[in-house]
Amino acid sequence: MALEAEGNKLRLQDVLARPGNEMCADCGNPEPDWASLTLGVFVCQACSLLHRSIPHISRVKSVQDTWDDGEVELMAAMGNSAAKAKYEQKVPAFYYRPTHTDCKLLREQWIRAKYERNEFEFIEKQEPYSAGCRDGFLWKRGRDNGQFLSRKFVLSEREGALKYFNKQDARDPKAVMKIETLNATFQPAKIGNPCGLQITYLKDNSTRNIFVYHSDAKEMVDWFNAIRAARFHYLQVAFPGAGDEELVPKLTRNFMKEGFMEKTGPKHTEGFKKRWFTMDDRRLMYFKDPLDAYARGEVFIGSKENSYTVLAGLPPSTQGNHWNHGITIVTPDRKFLFACETEAEQRDWIAAFQRVINRPMRPQEYAVEAHFKHKP
């Protein structure tokens, strides 16, 4: 019996070593140490916990456990590559494929979409997010009072906009968000809801935030992918020669870095104030509160070729900062001074700024930079 178990363990290791099986079938995490006996896929521990939420579809087992002949044969017959060919055969280009760094909601709904709802085997099951139009009610945070209230949202690819209405029978929308500048990112911790989505758009070339959620996880992820679908089709028209691999990274983006820092004003004599900062591509925005609708200010971060630099520390004469770990951003026009609470935060912020500064500017980013320079 012990010899048989040892033999099965070695056979399972051989199966695990096959191409495709070295990464989690669902999130791409390396060296998966669990398996779904019913689906024949190898998954990481985090995804195995999500598989447990669909026990009628998936039964999981650690690769360290004792395996019998039949179980090993099943894994050998399927494996991650064959499962991908079956369960992901018709994933739309715009559909977001989560990685191990994404929130639980996205990963769980991806797993359910594949194995429970079979959305990528039957195109008709993709209608909720692929039609280019969508309407429904989402809970939206009030700009001034912070209360979440039910609001009607309408996404229209034809009109090139996402709109919301304060009253159900209102004819005129409270806001019109052009698909051209729309971004959506899941922010469960910040919003305080597992389905919390932050939607940003440009209004008069300044960033506007709205925060929404839905009690149904699938509904919220469908909205997210509907926004991505609308953006995908918009970009296909805007950049007719571009392929999917070029357009897909532009559909939605997570913020490069967020957190509290202190800042001072342009004369560097004002006292430092604690603010919430968001690094969204080349826009560094600061808010009094993480859930503010509008930024108190925005800083454009260009490239090193255009004389943008980030330095650790503050000029020697600086006063008024309570936090000791300073950062100086040098732009062609002025210096911006910030202070972080810890050395680790300072290091992370500098790394984020450096990534942006090291990247050459695209032609359209020069127009954004020019707008920032002419701001009153």
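Select Glu 88 and Lys 84 in this predicted model. Their side chains meet in a salt bridge, with 3.9 Å from N to O. That counts because the cut-off for a salt bridge is 4 Å. Is Glu 88 buried or exposed? Glu 88 is buried, at 10% relative accessibility. Lys 84 is partly exposed, at 46%.

Keep both selected and add Asp 26, Arg 97 and Lys 114. These residues, together with Lys 84 and Glu 88, are linked in a network of salt bridges. Side chains of opposite charge can pair when their charged atoms come close.

Now go to Asp 144 and Arg 143. Here is another salt bridge between side chains, at 3.4 Å from N to O. Show the surface. Asp 144 has 69% relative accessibility, so Asp 144 counts as exposed. Arg 143 has a relative accessible area of 46% and is partly exposed.

Next, select Glu 365 and Arg 362. Which kind of contact joins their side chains? The side chains of Glu 365 and Arg 362 form a salt bridge, 3.3 Å from N to O. Check the surface again. Glu 365 is buried, with a relative accessible area of 5%. The cut-off for buried is under 20%, so Glu 365 falls within that class. Arg 362 is partly exposed, with a relative accessible area of 35%.

Finally, zoom out to the whole model. How many salt bridges does the structure hold? The count is 22. Among them are the pairs Glu 88 with Lys 84, Asp 144 with Arg 143, and Glu 365 with Arg 362.

Conventions: Residues numbered from 1 in each chain as written. Predicted model: local features only at pLDDT ≥ 70, side-chain atom pairs only at ≥ 80, totals over all residues. Heavy atoms only, no water. Buried < 20%, exposed > 50% of the residue type's maximum accessible area, 1.4 Å probe, protein only.
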